[in-house]
Amino acid sequence: MKLLVLGGYGNFGARICRALAAELGPSLLVGGRDAARAEAFATSLGHGAQGLAIDHSQPGLDQRLRQAGVGLLIHTAGPFQAQGYAVAEAAAAAGAHYIDLADGRRFVCDFGPALEARFRAAGRVAISGASTVPALSSAVVDALSAGWQRLDEIDICIAPAQSAPRGEATLAAVLSYCGAPIRVWRGGRWVELPGWAAPAPVHFQRLRPRLGALCDIPDLELLPAHYAGVQTVMFRAALEVPLSQRAFAWLAALRRAGLLRRPERLARLLHRGAPLFDAMGSALGGMVLRVRGQDARGAPAARAWHIAADDDHGPEIPCMAAILLARKLWRGEPLPAGARACTSLLRLDEFAPEFRRWGMVCDIVDEAIEGSR
């Protein structure tokens, strides 16, 4: 079996290839449209890794996968918001396992129902959203609320470092819902709130407080369905430079006023201008996830999990779940056949060696309950 990383010399794909190269050797294929770049990057990895010229948007992808002997495909060639399931369907037709790093809400949430029958019939595993959300986020929720009688609230905030690598396509995907209505599970019912509007302070254990604003991700829909009885699920992103965060809020206001119909068209301009703010920020990023509910004794409980990633290592986090799952499949560890989102497929302790590898620091904090002494 060979493992193909589609988008293998890109921002996330390259990180996955580096993590797996020594273990897989010549069984690792670095896939991308540019044959020279794919081969050059594969050579730089050593261990016999190979480059493969492959365009996932072209017909006949399943035949190319068969010809290359691909048994596991990791799809990192986003953004996924505007993609269909052609790559996953080709993997199923070729008899290959499939993992992606998708963060598009509809892509991940509809993935299982759309592809379950294909992958179950093929006896193969397909996992969408093997990234920070929902793979890591659900692992954290499971760890924080283990043994609790009730889980009422989940609140997540990701805080990227200002100097971390960023892509124009990713920025365009984020801008696409700036000011647009987003369905959020709040107080036990669905409400609509505008994306990137109304930034509010978020506190971290090892980062300075930042302003965070609502983003549209799969967790907003997956977690209310996955954790029975939860009343509120919120996800925010907190940029390091306050001016950048407020700029997104201004764009959201312009869209809501009908003055800016497609903010994503500004992606190229904003991407080029972003380095101007690097001097105001740092290489330190992180994440916090808070839960509230009732503990094993029925008492009110609130806990938070924090992670701090320095030296611009934050982008390693979205790659970790795919790396861990790929190793499981490579070693022949059993995973149920079929297609599903990556909720509660990994435990938090399985991520720990990856956190240590990059010098990341985690804290679990029992927080005060409002109204208690």
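The following exchange goes through the predicted model term by term and sets its values against the definitions in use.

Colleague: Which residues and atoms count in this model?
Modeller: This is a predicted model, in which local features need pLDDT of at least 70 and side-chain atom pairs count only at pLDDT 80 or more, while totals for chains, interfaces and linings use all residues. Residues are numbered from 1 along each chain as its sequence is written, and side-chain values use heavy atoms, with hydrogens and water left out.

Colleague: What makes the protein chain as compact as a globular protein of that length?
Modeller: The radius of gyration is taken over C-alpha atoms, and the globule rule is 2.2 Å times the number of residues to the power 0.38. For 373 residues the rule gives 21 Å, and the radius of gyration of the protein chain is 20 Å, which is close to that, so the chain is as compact as a globular protein of that length. Along the principal axes, the C-alpha atoms fill a box of roughly 65 × 50 × 40 Å.

Colleague: How many helices and strands does the protein chain have?
Modeller: The protein chain has 13 helices and 16 strands, where helices (H or I, at least four residues) and strands (E, at least two) are DSSP runs numbered from the N terminus.

Colleague: How do you know that strand β1 and strand β2 pair?
Modeller: Two strands pair if DSSP finds at least two bridges between them, and β1 (residues 2-6) and β2 (residues 28-32) share 4 bridges in the parallel sense, with L6 opposite G31 in β2. They belong to an open sheet of 7 strands with parallel pairing, in the order β3-β2-β1-β4-β5-β6-β15.

Colleague: What makes β3 and β15 the edge strands of that sheet?
Modeller: Each of them, β3 (50-53) and β15 (338-341), pairs on one side only. Neighbouring strands of this sheet are turned by 20° against each other on average, direction ignored. Helix α12 (residues 317-330) packs on the sheet, touching β1, β4 (70-75), β5 (97-100) and β6 (125-128), where contact means heavy atoms within 4.5 Å.

Colleague: In what order do the strands of the sheet with mixed pairing stand?
Modeller: The order is β10-β11-β12-β7-β13-β14-β16, again an open sheet of 7 strands, and its edge strands are β10 (200-202) and β16 (361-366). The twist averages 25° from one strand to the next. Within this sheet, β13 (residues 285-294) and β14 (residues 300-309) run antiparallel and are joined by 10 bridges, and G286 has A308 in β14 as its bridge partner.

Colleague: Which strands form a hairpin with 2 residues between them?
Modeller: They are β8 and β9, and G187 in the turn has a positive phi of about 65°. Strand β8 (residues 181-186) runs antiparallel to β9 (residues 189-194), with 6 bridges between them, and V184 stands opposite V191 in β9.

Colleague: Why is helix α8 called oblique to helix α10?
Modeller: Axes are lines fitted to C-alpha atoms, for helices over the stretch in contact, and angles run from 0 to 180 degrees between N-to-C directions. The axes of α8 (residues 168-175) and α10 (residues 242-256) come within 12 Å and cross at roughly 50°. Angles under 35 degrees count as roughly parallel, over 145 as roughly antiparallel, 65 to 115 as roughly perpendicular and the rest as oblique, and therefore α8 is oblique to α10. The contact is made by L171, V174 and L175 of α8 and by F248, L251 and R255 of α10.

Colleague: Where do cis peptide bonds join residues to P79 and P134?
Modeller: One joins G78 and P79, with omega about 0°, and P79 is in the loop between β4 and α4 (86-93). The other runs from V133 to P134, with omega near -5°, and P134 is in helix α7 (residues 132-144).

Colleague: What is the phi of H47, a residue other than glycine?
Modeller: It is near 65°, a positive value, and H47 lies in the loop between α2 (35-45) and β3. Most residues other than glycine have a negative phi, and most peptide bonds are trans.
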